[in-house]
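I opened this notebook to keep track of what I looked up, entry by entry. Burial comes before the cores, the empty spaces and the cysteines.

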Amino acid sequence: MTRTRAALAALVAAVWLVGGAPLVVGQSAPGPATTVGVPDRVNEYASVASEGAWVALAWAASSDATGTNVYAAVSRDGGASFGTPVRVNAVEKQASVNGEQPPRIAFIPGDRVRGSGSPAIVVVWTAKAAAGTALLSARSGDGGRSFGPSTPVPGSEAAGNRGWESIAVDHATGRVYVVWLDHRDTAAQADGAHAMHQHGAAAAAPSGDGAARAQRSQLFVGSLGADVAVRGIARGVCYCCKTAATMGADGAVYVAWRHVYAGNQRDIAFATSRDHGRSFTDPQRVSQDAWQLDGCPENGPSLAVGSGGRVFVLWPTLVKAAAGETLRLFLSSTTDGARFTPRAPLPAAGAAYHPQLVTAGDGTVIAAWDEVVTGAPRRVRLARGRPDGSGQTRFDAVDLGTDTEGSYPVLAVTADHVVIAWTMRGSSAKPLRVLRLRLSIRS
């Protein structure tokens, strides 16, 4: 299908869109969620961004006939309603997406095109390539009504697999930083081209210490404008766990990922750049959880910056419980990128996966995840808390109602709402589910 035909198809497509009233946190009877998606496709693996009253969603839409493509839809009313989905990738069946590496979307603040008043939007995703995978990006200058050509992320076209990307935008300069996991070193070895599993499919790995094998896997950082030299800033990363990146108000760039430490311990690492991405600190271990695993958990961290420049890190790790081992979520924070508060648990009732984290303007920290309780389907959960002076945060669970079956939640905040979207369960055609909640707590 040509780009023109694809745009026309997007304009005439019927959109799944069911209105839902805003939910006040603590309300006993939540209203219905909004659903957004491309008809007759499996819509899944979303990311979400906000800028003022604008909220943008990007996700993968797939079917046997169409393959997998990246779509975006935009709300101009704080997430209350969304426009028609628009295909982002210029070439059909171009995307290679999963839950730990969804297409990433962001607004570029202050960037207005042709006096339209519409913000620029950028999407970055993993795509199939001749010698593995590459990262592509596309940009919209009209508030998500259309997207321009798909262009390679500078530095991501080497042989081998890469992905699990994250992006962060400098609000002062508009620079878009891209962080990803890279396996170009493995591609150069005849016996290692498929050593690590791609997209959740396990493959045989060479014997030996996992930390030594992981030295072939790197964390890369670059930018879309090629104005930041693309390079690896850490070796020994845990492949197939998502990365996280965010910006401080002072232009600092923060990144987090799962690292492979000695003895196959897979804990969260953190690094900071205070010179606009030209250099990064050595990796800092956020918490010594000692999760020992000869494989990838496919469960990475999330980052958010709060008041006073405090950076919050949320991640899952394995703990021992009364009924045996299970996954739990923990939060830590730092003000200097070197010292972290002791990890604090979140109120998960079961095994917890795929955390997301945002902060609101009033200092509130909001977390989402999906969890599995024995005998019940996987459901999406939400909690919120306010940090004390030391950065320690006590979370209270938020009741989302009963219609929360799903996985891979994502979060964004507007002036007075939090927007949460997630993938619904099942393999048949389905939309994304989106819920809009008021930030204020009603006593």
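**Entry 1: a loop residue**

I looked up Gln 94 and found this residue buried, with a relative accessible area of 15%. I note at the outset that I am working from a predicted model. Gln 94 sits in the loop between strand 6 (86-87) and strand 7. Why does Gln 94 count as buried? Its relative accessible area of 15% falls under the 20% cut-off, so the residue is classed as buried.

I then listed what surrounds this residue: leaving aside neighbours within four places in sequence, Gln 94 is in contact with Thr 68, Asn 69, Asn 89, Trp 125, Thr 126, Ala 127, Lys 128, Leu 136 and Ser 150. For one of these partners, Leu 136, I also checked the backbone, and its C-alpha atom is separated by 9.4 Å from that of Gln 94, although the two residues are 42 residues apart along the chain.

**Entry 2: the chain as a whole**

For the protein chain I counted three helices and 29 strands. Buried residues make up 58% of its 443 residues, and among contacts with a separation of 6 or more, 53% join residues 24 or more positions apart.

**Entry 3: nonpolar cores**

Which residues of the largest nonpolar core touch the most other members? In this core of 28 residues they are Leu 219, Ile 233, Val 255, Trp 257 and Phe 280. Two or more residues each come from strand 11 (162-169), strand 12 (176-182), strand 13 (218-223), strand 14 (231-235), strand 15 (244-247), strand 16 (253-261) and strand 17 (265-273), and strand 16 gives the most, with five residues.

I followed Leu 219 further and, not counting residues up to four places away in sequence, found that it touches Val 179, Trp 180, Leu 181, Arg 231, Gly 232, Ile 233, Ala 234, Val 237, Thr 243, Val 255 and Trp 257. Apart from this core lies another, of 23 residues, among them Ala 56, Val 70, Ala 138 and Tyr 408.

**Entry 4: pocket and cavities**

I turned next to the largest pocket, which has a volume of about 1200 Å³. Of the 43 residues that line this pocket, His 171, Ala 245, Thr 246, Met 247 and Val 358 lie nearest its centre. The elements giving two or more residues to the lining are strand 3 (42-51), strand 7 (104-112), strand 11, strand 15, strand 19 (302-305), strand 23 (351-359) and strand 27 (407-413). By class, I noted 25 nonpolar, 13 polar and five charged residues in the lining of the largest pocket.

How many cavities of 30 Å³ or more does the whole structure contain? The search finds five, and about 110 Å³ of space lies in the largest cavity. Its lining has 13 residues, of which Ala 46, Gly 99, Pro 102, Gln 356 and Val 410 lie nearest the centre. Strand 3, strand 23 and strand 27 each give two or more residues to this lining, which divides into six nonpolar, four polar and three charged residues.

**Entry 5: cysteines**

I closed with the cysteines, and the structure holds zero disulfides. For Cys 238 the nearest cysteine sulfur is that of Cys 296, 3.6 Å away, and Cys 238 is buried, with a relative accessible area of 1%. For Cys 240 the nearest cysteine sulfur is also that of Cys 296, at 4.8 Å, and Cys 240 likewise counts as buried at 1% relative accessibility.

Note on methods. Residues numbered from 1 in each chain as written. Predicted model: local features only at pLDDT ≥ 70, side-chain atom pairs only at ≥ 80, totals over all residues. Heavy atoms only, no water. Core = buried A, V, L, I, M, F, W, Y, C linked by side-chain atoms within 4.5 Å. Buried < 20%, exposed > 50% of the residue type's maximum accessible area, 1.4 Å probe, protein only. Helix = DSSP H or I, 4+ residues; strand = E, 2+ residues; numbered from the N terminus. Contact = heavy atoms within 4.5 Å. 1 Å grid on protein atoms, 1.4 Å probe; cavity = no way out; pocket = protein on both sides within 12 Å on 5 of 7 lines; lining within 4 Å. Points joined across faces, edges and corners; volume = space filled by probe spheres on them. Nonpolar A, V, L, I, M, F, W, Y, C, P; charged D, E, K, R; others polar. Disulfide = S-S within 2.5 Å.
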